[in-house]
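Colleague: I am new to this structure and would like to learn how to read it. Could you take me through a few features in turn?

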Number of protein chains: 2
Amino acid sequence: MDVAGYIEDDRERFLAALKEWLAIPSVSGDPARAGDVRRSAEWLAAYLRGQGWPTVEVWETGGLPAVFAEWPAADPAAPSVVVYGHHDVQPVEPLEEWDTDPFEPVERDGRLYGRGTSDDKGQVFFHTLGVRAGMAASGAAAPPVTVKLLVEGEEESGSVHFAELLRAHRDRLACDAVVISDTTMWSADVPSMCTGMRGLTEAELTLHGPDTDLHSGSFGGAVPNPLHAMAALLAALHDEQGRVTLPGFYDDVIPLTGEERELFARLPFDEASWLETAGNSLAAAGEAGYTTLERIWARPTAEVNGMWGGHTGPGGKTIVPRSAHAKLSFRLVAGQDPVKVQAQFEKWVEANTPPGVRAQVTIPGGGVRPCFSPIDSPGVAAARRAMERAFGTEVLFTREGGSGPEADLADILDAPLVFVAVGLNDDRIHAPNEKVETRLLLKGAEAAAYLWDELSEALR
Amino acid sequence: MDVAGYIEDDRERFLAALKEWLAIPSVSGDPARAGDVRRSAEWLAAYLRGQGWPTVEVWETGGLPAVFAEWPAADPAAPSVVVYGHHDVQPVEPLEEWDTDPFEPVERDGRLYGRGTSDDKGQVFFHTLGVRAGMAASGAAAPPVTVKLLVEGEEESGSVHFAELLRAHRDRLACDAVVISDTTMWSADVPSMCTGMRGLTEAELTLHGPDTDLHSGSFGGAVPNPLHAMAALLAALHDEQGRVTLPGFYDDVIPLTGEERELFARLPFDEASWLETAGNSLAAAGEAGYTTLERIWARPTAEVNGMWGGHTGPGGKTIVPRSAHAKLSFRLVAGQDPVKVQAQFEKWVEANTPPGVRAQVTIPGGGVRPCFSPIDSPGVAAARRAMERAFGTEVLFTREGGSGPEADLADILDAPLVFVAVGLNDDRIHAPNEKVETRLLLKGAEAAAYLWDELSEALR
């Protein structure tokens, strides 16, 4: 029996089991649900044991538990692959906006509705079917690569203990690639793979001027105004081409290849509709020479997230204010290092603060590293072949503008990331009436089955 | 007997009467003191009647009363002069910081301490002595010009009914010049006269971007950020020379004359000390080609008084915010019209707002017109001669960076302003332990006595 046939045969059992798991309200952000998150981990562990995984463990963290399962390849020289997903889910409020109970999953019109169907239990679960389907089709007793499933329980509450967990189990998690199944495809008709996520670093900038607010009749026009200095600094953060002016900012950026740009351009992107989701009279704007998709996925940015100073209440107050404040964030792309950008920003502020104004930069934490796997890297190329076999059509590429714990996986496990996912942007993750397309979930299982074959060749 | 002799003789009577008036707590900003403000007006009216003023009236307003007194010149063809001052005073809080009761005036070390001694009862009062001293010295039964004393009761609470009062009594207040005695001299050793005050207009600017705050991971770098647009706009409000960039902004400015600049330069101005009053690490900054005194007195400015938008609370929030806000004020100088500048600002904002951002400008009211009398104008030149006769030394010139109701006097009465005052910047007006230098108060009376002679020649 081939992979597709096995999956078709197993469909009802697969969905019944998934529904059982989805019924456990594993909301990690709600302390009252901690017991349910634990129950979710234990349910998954029991299920995997039932499916024949040789090693299944519940891993404790300083917070909520993760599940680890390993199915070694028969060949000890075969590559190892970590598959990452998470079993915790978002809160469900406002409950009254759900058409059906978020924790009583139902199939309707080819979709499975319920919290976690797309983000991320459904996508974790297709791997369990994929492994079995692959073995059934090949007649082997083990997958062609060692599969190490790592299912986190705190992703929706900030993955606060995840890096620690990875470090604690680094040896057990040693691998040649990490498959992430927690993203989306372009659309049901346009299967695609994500190749990278932007990183992030934040900064708070304070400019100090006079010791107190000054009367602008007595001082205005003759002493520096920190709000003017702030406006000048922030205006100078971009040049006329929309490029960030921090010296060295682009030095480490891995440029988009012609191939990736060409593939992005083939995505059926309706910019006008996209803009409408953001605001009525909005225009696209950004770094010259790049499309909107390139700008949000593959180009770094400097964004002022907040700014304040002086009199902000009702009425007028004719002062030269004592200080001005801004909160900034930088989205970083492949090659960039948050800590390096932080230093660039500090240096730039120091060099550009006018006389009589004192600048203070606060950096909250080390930031989030960007992650990226080139289209032609072995893992991505292999996963693309697996996806194309499952979907029977060309697979395109996307990236994501923000990121979660993915960079930690790449950094701590020192392995390339491969994003294989079948969620859609309209799955309403984090919102009422979350769903997944049942057909895509099964296609995900099929792609996952082919994936081990492809990776066993590619990573060897 | 000459003027100085008369004043010396009258000294104790003059101070005793002034103390009586100062003891009335005419705090116009405190509704509970409204009765005291009225009592202050009535006390002054009674005193002026006692001093022989032919016409004395208490003028009602929509708020607190003013006092009007007129002493016609014997010659019906003689010029008329309005003398402006106010009989209301600032609040006295914090009371515990006063060394003596603010409403029990005391003389100590050549100074008279108490609320209103300098601002402005003392300075109104020297005119009552000046008029008598002048007549005593000349032996005439009337001053050489028609003196019209107008003593407002709401100056310290915004002069809200003052323009209305001027318009209602425009005929009675018809005059050839307005003498204002509510400012300061450079110092006890450097007598000076103010020749102008800056005007003011304010504006609030809002820039609208997305309909809601957007996730900067999904949109950052590809849609306009209103905070960036605000920073760019406000940074572009000044050029590299520190000049305001609104087209036409300087067109109507009456330039400083070489003489005025030269006289400003002779004032013993200690810029370092002045900067220290504003802040420790402050540097002088402003329009290139002008000194600090020129910048604060005689050059127009654009000042951002407040700015806000996006996330301003603790922690980070990676958003492209929906809007940005700023409050601005423009200090205006001789020749400029607030309404014209408002239109210039609106036009400039419209021309410089980037695509995808919608700007909204709110102008709160018509602004304050600047006022100015050239050094060589007849009234100023005459007053300078009077001051020099009284002080026996050269009189220099200043201007003021802000303004009160003075422009209304010039505009509504259509007469040039002449500033004759003997207050000092260290008189602590509006603060605890307000004082006036007794010697300067008497010099003021002497200058006032000479003033009518000088003006009767100059304005004829």
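Modeller: Helices and strands here are DSSP runs, a helix having at least four residues and a strand at least two, and they are numbered from the N terminus. This is a predicted model.

Colleague: Then where is Asp120(A) placed?

Modeller: Asp120(A) lies in the loop between strand 5 (111–113) and helix 3 of chain A. A cis peptide bond joins Asp119(A) to Asp120(A), with omega about 10 degrees.

Colleague: How should I read a cis bond or an unusual phi?

Modeller: Most peptide bonds are trans, and most residues other than glycine have a negative phi. In this model, Glu93(A) and Pro94(A) are also joined by a cis peptide bond, with omega about 0 degrees. Pro94(A) belongs to the loop between strand 3 and strand 4 (106–108) of chain A. Asn433(A) is not glycine, yet its phi is positive, near 65 degrees. That residue sits in the loop between strand 19 (423–424) and strand 20 (435–437) of chain A.

Colleague: What rotation superposes chain B on chain A?

Modeller: Two copies of a chain are related by a rotation about an axis and a shift along it. Here the rotation is 180 degrees and the shift 0.1 Å, with an RMSD of 0.2 Å. That is the relation of a two-fold axis. Of the interface residues of chain B, 100% are also interface residues in chain A, so the copies meet through the same surface.

Colleague: What is the strand order in the open sheet of 8 strands?

Modeller: The order is 15(A)-10(A)-14(A)-12(A)-12(B)-14(B)-10(B)-15(B), and the pairing is antiparallel. Strand 15 (358–362) of chain A and strand 15 (358–362) of chain B stand at the edges; each has a single partner strand, so one side of each lacks a neighbour in the sheet. Neighbouring strands are turned by 25 degrees against each other on average, direction ignored. Strand 10 (residues 199–208) of chain A is joined to strand 15 of chain A by 5 bridges, and Thr206(A) stands opposite Gln360(A) in that strand 15.

Colleague: What does helix 6 of chain A touch?

Modeller: Helix 6 (residues 226–235) of chain A packs on this sheet, touching strand 10, strand 12 (301–310) and strand 14 (323–332) of chain A together with strand 12 (301–310) of chain B. The direction of the helix makes about 15 degrees with that of strand 14 of chain A.

Colleague: And how is the sheet of 6 strands ordered?

Modeller: This open sheet in chain A runs 1-2-6-3-7-18, with mixed pairing. Strand 1 (55–59) and strand 18 (417–419) of chain A stand at the edges, each with a single partner strand, so one side of each has no neighbour in the sheet. Strand 1 and strand 2 (residues 66–71) of chain A run antiparallel and share 5 bridges; Glu57(A) stands opposite Phe68(A) in strand 2 of chain A. Helix 3 (residues 121–138) of chain A packs on the sheet, and its direction makes about 145 degrees with that of strand 3 of chain A.

Colleague: How many cavities of 30 Å³ or more are found?

Modeller: Rolling a probe the size of a water molecule over the atoms shows where empty space is left. The search of the whole structure finds 3 such cavities. The largest cavity holds about 40 Å³ of space. Its lining residues include Thr61(A), Glu152(A), His161(A) and Phe162(A).

How values were computed:
Residues numbered from 1 in each chain as written. Chains lettered and ligands numbered in written order. Predicted model: local features only at pLDDT ≥ 70, side-chain atom pairs only at ≥ 80, totals over all residues. Heavy atoms only, no water. Least-squares fit on C-alpha atoms with pLDDT ≥ 70 in both. Contact = heavy atoms within 4.5 Å. Pairing = 2+ DSSP bridges. Axes fitted to C-alpha atoms, helices over the stretch in contact; angles between N-to-C directions. 1 Å grid on protein atoms, 1.4 Å probe; cavity = no way out; pocket = protein on both sides within 12 Å on 5 of 7 lines; lining within 4 Å. Points joined across faces, edges and corners; volume = space filled by probe spheres on them.
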